[in-house]
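Please open the model in your viewer and keep the selection tool at hand. This tour goes from the overall layout to the surroundings of the ligand, one selection at a time.

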Amino acid sequence: MQVTMHSEDHIGYVTVSNPPVNAIGQAVRQGLLEAVRWAERSRLDRVIICGVGGVFAAGADAKEFDAPPLEPHLPEVLNAIDESFVPWIAAIEGVALGGGAEIAMACRMRIMAPGARIGLPEVTLGVIPGAGGTARLPRLVGLQKAVEMITMGKPIGAQEACSAGLIHAVEEDPIEAAFLVNSEALGCIVPTWEYHAPAHDPDLLHMARKKLQAKMAGQEAPLRALEVIEAGLSLPFHDALAQERRAFLQLKTGPQAKALRHIFFAQRAAKAPEPFKGSSASEVQHAVVVGGGTMGAGIAYALLAAGLHVTILEADAAGLQRAEDNIGKIIAASLQRGMIDAARAADHRSRMTLSTQYGQAATAQVAIEAAFEDMAVKHDILAKLEAVLPADAVLATNTSYLDVNEMAARLMDPSRLIGLHFFAPAHIMKLLEIVRAEKSSDRAIALGYGLAKRLGKVPVLAGVCDGFIGNRILARYREAADTVFMDGSTPWEVDEAMVEFGYAMGPYEAQDLSGLDIAHANRQRQAPTRDPNRRYIPIADRMIELGKLGRKTSAGWYRYPGGGGKVEDPIVADLAIEEAHFAKISRTDYSGQEIRQRLVLAMINEAADILHAGIAQSASDIDLVTVFGYGFPRWRGGLMHYADSLGVETIVAQLEVLAQEDPVAWKVSPLLRSCAKAGQSLAEARPK
Ligand code: 3H9
């Protein structure tokens, strides 16, 4: 039974029981409808509805969204609650999200526990509220707040909900408080559907539309939600519901909703697979981070925030000072943004030790090396760590590109080394690539997964290769961008094309942010092993000669006069013209569509090779990497999901056309070919 009911002294208690989050599927809807009839038949004074497990309800069961909707539909269930002569009170603990919030809004009264959250996050799943949210919320909180909550999808806390008029009270024990509500007072509250809709406000709606067009470009649901709210203002309540429902059903089966559901469930499925389950990471009390630069400081902060004792090792006093400053800046920024309070900041500091003495690492259960990308430096650090840490402690390297097998080979016990590849800023970015070297033990990998869980990261297992999963795809993306640039475009045209695709910024602006010197160092490292038949684009090297290293030098692919906003730089555009001239290339004009096609195909082709070689375990892992580490638009579902939406056969055909231009760069991945031949999607493909 997913909805249970009982009564005591004319008060009905209805409990939604579908753990862990009380998602509202068909059985819950049916149970609620029966509860309405039961309460009316029993002539109850009131019904108090809550959820089991300290959660009210996380919304409609998104697992049902791929199938046609089954009766009873949530809008009719909620109308029955709203229109019933027995008043319902929502006693909200944990979360009331999406359909959960819509149930609460159909109740006559809402009481929330102090730590609970309520919201309509449907747009984050590519849909809009489909059970009256766009009609009931504006009636309860006014147009401005409703537009903000529905189009941005961000839940709010109990106090804010109370101030906004969405709920009636904040109480430690909402069920007890609902029991104590005076019957007469309850009887005076007007059912939500009888409230008047707020007045139409063209200026407010215009501003909201402009904001969404800028902030959520490309995404259908937020703008659609706005249209539905607006149209609903001038319609009778039930007509407003009907037009909302039509839009919800249409979006639910559309590509963006499918893509967002895919990422939602892929993220939740990113857990330790069988041999790596049962990690001892929960026992990790003390972690070591070697190197307090930007990366090391971010990692250290993430570990501190997870409650660990953290020792940061640096080479000398200057290094220690830099580490302290870097971590201090993160703590200050977290304080400023209200993410932590002063007590928590003090607690973080109390668990942090800065030292140049490796002896301080002697009690640690895990050490993460986050030093300079130089193999000799890494060997030296890992050897020192191995000498002082307990024999069963796990060693990890945060290298972005270097060979983890080579690092392991110098250790006395290579099985204890794994890669833990964090992404900058490491305390914020969700992705964690767990790199399995040839000799990494299952136990060490399991600890990586366990640590990811404690840190709230999305773990993805990667094999050893240059750049692992993410940076290897990134290298191909940049190579394709440079080729397009040299052969006819400008960096700003390339960036614009990719922003139109859905990236927050294009490859050139992003590189300006991270610094051109890092990619340069990589190119130099790769030079001896580079395929001599592969075309090499020298423009980025010219940028280094000119001292254009990105934002840090106020000039990179763009200029940043006075450290401010970006400005196109004709000198940079001229570099491509010069290099094309030297290489005797006649340049072509690429359309935005052609640019996008080349850059995205290059990534898909490389990702297919990565999957084929077993560097990634599944297409869905690559989706997580691209979305959570590299800004691939979430609403496209990640790189491989997007590829499947294009169709593998189409991709192969398009790559074959490009291969006529350059058979080396556009050599079709064998995995793509075999999938096309077998009529298989990339989601179904597994490493060879
Ligand atoms: C909607 O409501 C539409 C309506 O307007 C109209 C209807 C007509 N469905 O995240 P967690 C699963 S749209 C199915 O790891 P947490 C999740 O997959 C919906 N399953 O826990 C996982 O399963 P597993 C609007 C769901 O504590 C387990 O629950 N609502 C759903 O970190 C635990 O989840 C939303 O968008 C769902 N709706 O976070 C809210 N939600 O154990 C979406 C969760 O097998 N949910 N699961 O891996 C969330 O934001 C978070 O899950 C929540 C808990 C904050 C609730």
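Begin by colouring three ranges separately: domain 1 (3-253), domain 2 (274-462) and domain 3 (470-684), with bounds that come from an automatic or database domain assignment. If you then select domain 1 and domain 3 together, their C-alpha centres lie 44 Å apart. Residues are numbered from 1 along each chain as its sequence is written. This is a predicted model, in which local features need pLDDT of at least 70 and side-chain atom pairs count only at pLDDT 80 or more, while totals for chains, interfaces and linings use all residues, and side-chain values use heavy atoms, with hydrogens and water left out.

Next, select the ligand and the 25 residues around it, each of which has a heavy atom within 4 Å of the ligand. Ala60, Gly99, Glu102, Glu122 and Arg268 come nearest. By class, this shell holds 14 nonpolar, four polar and seven charged residues, where Gly counts as polar.

Now show the polar contacts, which are pairs of N or O atoms within 3.5 Å. A polar backbone atom of Ala60 is 2.8 Å from an oxygen atom of the ligand, and a polar backbone atom of Gly99 is likewise 2.8 Å from a ligand oxygen. At Glu102, a side-chain N or O atom is 2.7 Å from an oxygen atom of the ligand. Taken alone the ligand exposes 1,000 Å², of which the protein buries 73%, as computed by the Shrake-Rupley method with a 1.4 Å probe.

Finally, select helix 3 (99-106), helix 11 (237-252) and helix 12 (255-269), each of which supplies at least two residues of the shell; helices here are DSSP runs (H or I) of at least four residues, numbered from the N terminus. Helix 12 gives the most, with three residues.

Methods. Polar contact = N/O pair within 3.5 Å; in protein donor to acceptor, adjacent residues only side chain to side chain.
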